[in-house]
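These are my notebook entries on a model that I opened to look up its ligand site, two individual residues and the confidence values. I record each item in the order in which I consulted it.

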Amino acid sequence: MSHWKVPLADVVATQADIDAVVDAYRSGWWTMGPRTESFEAAFAAYSGAGHAIAVTNGTAALHLICAGTGLGPGDEVVAPSLTFVATVNAIAYTSARPVFADVAGPTEPWLSARSVEAALTPRTKAVMAMSYGGHPGEIEELREFCAGRGLILLEDAAHGAGSRLGGRHLGTFGRAGAFSFFSNKNLGIGEGGMVVTRDGDLAARLRLLRSHGMTALTWDRHRGHASEYDVVELGFNYRIDEARAALAEERLSRLDQENGSRARLDERYRAALADVPRVEPALPPRPDSVLAHHLFTVVLDAAVDRDRVRAALAERGVQTSVHYPPVHRFSTYASPAYDLPVTDLYASRAVTLPMFAHMTEAQQDLVVEALSAATASATAVPAGDNGGMPAWRPMQAEEALRLRPLRVLARPWTERRFVHRDYERVLHELSDSRRFNVVPLREFREASTDRVVVGMRHDVDERLGAALELARLEARHGIRATYFVLHTARYYAKAGWGSAERRPSILGHLRELQDMGHEIGWHNDLVTLQCVHGIEPREYLANELEWLRSNGIDIRGTASHGSYWARRLGYHNNYFFDDFEEVAPGLPNRDIVEVGNRECVLSKGRLAEFGFEYEAYHLGEDHYFSDARFDADGRRWHPDSLDFDAFNPGDKVILLTHPDHWDRSVGWKAPRTVVWAGWRAFTGERSRRPG
Ligand SMILES: Cc1ncc(COP(=O)(O)O)c(C=O)c1O
């Protein structure tokens, strides 16, 4: 008995259940015997699998299908991270390596065929699908995909007892499937599991492996069918006992009926939650299926504090859960090589609501009512706080790999000229006002062209401190520049998950820059903000600009940020602005960004709407130089290499330098680079290399 008014899952034992168990004990034969055989035959017939092998639990079933299909050292198996850890452990038991792939979408928490493809290597031998919540997900696509590449498809159908797609039971799409009969499962019996396969040879091997690799079982010997046995394989003891087999068969006879009740509850949940803001039911139903509805999960809006919602529900007597903390976040499996943004997104926002066949409508109404009230009152998640879940650090994996530590650590040497003394030499040259008219970008278009017009642009990607230092040097030489501040940078906001909390210190620094005569610009990372961080960019931009301007920061220009994500997902941050028609090379889609299998339809605006007078890439200069560029030898462009005499009066030149690359001296650069690279490698944090 639980103290919950509405527990997450619940079982009731009928008199028939109890009778079946008692009969099994009274029979005097307590382990794998006639009741196990009978249950296996019933399950094989029910699922249409042909062969069913009952075992002691779902994990054993998974281990058997991995071992029985020959997985072993050197093999890789692509699996979801969004699963119970047993799915992955079973692969690891064979010494094969689990490789995680992302799920299909924020409300489609199943293995995506597309991300499986991205995870393949020459060592990939199998794909392990998991029927999350009893949903078929992309099982047909995975089946086709595996068939086309000679890969073994295995199914963790722990949630899927009774689920069919087009009449075919989950667990029977691949070479073999594994079911769990753990207490909270649709066919719960306490502990128990089942392997199904259509392959007779495989079934025979699995039977051997289930019981020590022995060629005859005790029950066979008892019946006089065999008096001797051999041991032909290294097997296991995964036998189920008779009482549980009998209970399982009894419960199997009403599985469809109970799944039908779950289906009605699922439909009722969806109808009731349709008008509840900030709550989106996951696992969209499929018309061509009959589903187990093992779980009912909802995905909360980014602005909702999930912990508070769950606590509020608990207070009302409603038990909830999270399926699942992703496996790639557990110490045993963690690796910086994994980058599973949709898995992390789902894992940090999903809540599992109560679902069991005999849930009453009154209980369900209580859940819905408590959830609506809780989400309405839950305030925005403080930035960076993912409700106790590990933060979503989307760049983690690739950036960690891209760090190329030796090259980075060599930078104090290879970039030793990116120091203040060298910058001052450039400033000294530029401060010759007879030849040069150096201006911040807002004055660039109108600047008098009797001299060489130089627009000084700085994109402040990570190091606002370095920007302040350059700004002071420039001020000393009477030079004014534009500093584009990056709203997704750490110095600007604690940017987390669906929210960005501005740092109070930012205003003081921007005022200091402005007071030196410099211009502050907006470094536009708005598509990233929308598609990667889940923040509505129009509203955000309007609010930020309002705040900055009302605090005396005169922002007139914007410059697109070439973020890692922009390259990775294939967009340009200027796609936010409808003012520009051109398509960036290699980044063709101006309207939709695909994040995993989710489509992010871009919000758009116009420069004038937000009071912008210019975009820094659209100023019509004659010459453009940037220290984000490298020469053929891999050396960063340095402004000192400019031939100032080559310009003619009237030429319009833009110089883009990133304060991130500049230090007071090599003495400062070396320890900073080491600390930076070490910290980056340790945290796996993203690099915000400009670009
Ligand atoms: C998806 C999934 N796989 C595997 C298992 C392992 O099953 P068992 O607990 O019966 O070993 C479970 C359930 O606990 C599960 O939910």
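I looked first at the polar contacts of the ligand, taking as such a pair of N or O atoms within 3.5 Å; within protein, one atom must be able to donate a hydrogen and the other to accept it, and residues adjacent in sequence count only if both atoms are side-chain atoms. A nitrogen atom of the ligand lies 2.6 Å from a polar side-chain atom of D156. I found a polar backbone atom of G58 at 2.7 Å from an oxygen atom of the ligand. For Y324, an N or O atom in the side chain is 3.2 Å from an oxygen atom of the ligand. The ligand taken alone exposes 380 Å², of which the protein buries 93% (Shrake-Rupley method, 1.4 Å probe; for residues, only the protein chains shown count as cover).

I noted the provenance next: this is a predicted model, in which local features need pLDDT of at least 70 and side-chain atom pairs count only at pLDDT 80 or more, while totals for chains, interfaces and linings use all residues. Residues are numbered from 1 along each chain as its sequence is written, and side-chain values use heavy atoms, with hydrogens and water left out.

I then listed the shell around the ligand, a residue being near if one of its heavy atoms lies within 4 Å. There are 17 residues around the ligand, and G58, T59, D156, S180 and K185 come nearest. Helix 3 (58–68) and helix 4 (85–93) each supply at least two residues of this shell (helices are DSSP runs of H or I, at least four residues, and strands of E, at least two, numbered from the N terminus). The largest share, three residues, comes from helix 3.

I turned to T124, which is found in strand 6 (residues 124–130). T124 counts as buried because its relative accessible area is 11% (buried is under 20%, exposed over 50%, partly exposed in between; 1.4 Å probe, protein chains only). A polar atom of the T124 side chain lies 2.8 Å from the backbone nitrogen of T121.

For contrast I consulted A45, in helix 2 (residues 34–47). A45 is exposed, with a relative accessible area of 59%.

Last, I checked pLDDT, the predictor's confidence in each residue, from 0 to 100. The protein chain has a mean pLDDT of 90, and 93% of its residues reach 70 or more. Over residues 379–404 the pLDDT is below 50, and this stretch has 72 contacts in the model beyond near neighbours in sequence (contact means heavy atoms within 4.5 Å).
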